[in-house]
Amino acid sequence: MLPFRRLPSTAVGQCFSLVRSFTGGITQWAKKAEQLESEEPAAEELPVTFVDDDAESTEAREARIATLRNKSRLLPQHRNMLHGVLPYEQSQSWIHDTVKYKRMMLGRYGIDGSKVDPRVCFPTKKEAYERAEYERVAFPFSLKQMMDANESERKARKAQIEAREAEVARKLEKLDQWTADLNARIAKKEAEARAAKERKDRLVEEVRRHFGFKVDPRDERFQEMLAQKEREDRKKVKEAKRKEKEEKMMEKLQKKTAQLEADIEVPSGDKTKQ
């Protein structure tokens, strides 16, 4: 026979508590299982294939099907806009209560689709007055006055174009003469430049003949003699121009004198005949 060992009282109490809690947990689990078995599953928790169609109304069925069809993950307002339906059934912001927004919804979705009173499209008395005042200030002239002004402006612009074209044609007629004058001036300048060069070469040659031997043009004696020759040549040119001018003046005087004598002789001859 084995000897019997006595356990402490605290260990015995812990064992009884553990057994009691385990037994209570088993009991609660059994009750919950019975409760679940006794309850019937709800229609909305079952798959679509197990829903009782007879117990569901047509509207609820259509709503449920539409919800299941929506795979776009779009927001309701965006999906409504995609299908051409009013985005919001109720106002979500102060903007949705403005006249501008209501007019836009009415124009886009119509009277039935927008649920907006069409009278909002017509201006109020204040808006009509402000519009009339704006028209009076911005467009003070009548249609007839604006048409007359436009016609006058068109005629003035046409006359200006015609005058410009006539001026261009007139200048084109003188183009040949202007070209000839330009070529003559160019030829005159070229001739003067050649004459100046020839005169300079002639003066340099005269200075060299004066010395009788080759002299460096940079030599002071050469430069002094060249300057003297240039002064003498300028005097000669000046004297020639003066004589030419005097000859022209004498020629003019002779022509005038002859004309005066002819004018005097004609009246005297008339008197003699009388």
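Let me start with the surface: the accessible area of this chain comes to about 25400 Å², and 57% of that belongs to carbon and sulfur atoms, with areas taken from the Shrake-Rupley method at a 1.4 Å probe and, for residues, only the protein chains shown counting as cover. What you have in front of you is a predicted model, in which local features need pLDDT of at least 70 and side-chain atom pairs count only at pLDDT 80 or more, while totals for chains, interfaces and linings use all residues. Residues are numbered from 1 along each chain as its sequence is written, and side-chain values use heavy atoms, with hydrogens and water left out.

On the overall fold, the chain holds eight helices and zero strands, where helices are DSSP runs of H or I with at least four residues, strands are runs of E with at least two, and both are numbered from the N terminus. Of the 274 residues, 8% count as buried; buried here is under 20% relative accessible area, exposed is over 50%, and partly exposed lies in between, with a 1.4 Å probe and protein chains only. Among contacts with a separation of 6 or more, 21% join residues 24 or more positions apart, a contact being heavy atoms within 4.5 Å.

Turning to the interior, which residues make up the largest nonpolar core? There are seven, namely Leu203, Val204, Val207, Phe211, Phe222, Met225 and Leu226, and the term stands for a set of buried Ala, Val, Leu, Ile, Met, Phe, Trp, Tyr and Cys residues joined through side-chain atoms within 4.5 Å. Helices α7 (175–211) and α8 (220–273) each give two or more residues to this core, and α7 supplies the largest share, four residues. As background, nonpolar side chains in soluble globular proteins tend to be buried together.

Next, the largest pocket, which holds about 260 Å³ of space. To be explicit about the term, on a 1 Å grid over the protein atoms alone, a pocket is an open set of points where a 1.4 Å probe fits, with protein on both sides within 12 Å along at least five of seven lines, and lining residues have an atom within 4 Å of a point. Of the 14 residues that line the largest pocket, Leu86, Ser91, His96, Ser114 and Val116 are the closest to its centre.

His96 also leads us to tyrosine 101, which lies in helix α4 and counts as buried at 16% relative accessibility. Neighbours within four places in sequence aside, tyrosine 101 is in contact with Tyr88, Ile95 and His96. Tyr88 appears again with glutamine 77, a residue of helix α3 (residues 76–82) that is buried at a relative accessible area of 18%; with the same exclusion of sequence neighbours within four places, glutamine 77 is in contact with Pro87 and Tyr88.

Finally, a word on the backbone. Most residues other than glycine have a negative phi. Arginine 73, in the loop between α2 (58–69) and α3, has a positive phi of about 60° although it is not a glycine. Is arginine 73 buried or exposed? Arginine 73 is exposed, at a relative accessible area of 82%. Lysine 115, in the loop between α4 (99–114) and α5 (125–138), likewise has a positive phi, near 60°, and lysine 115 is exposed at 59%.

Note on methods
Points joined across faces, edges and corners; volume = space filled by probe spheres on them.
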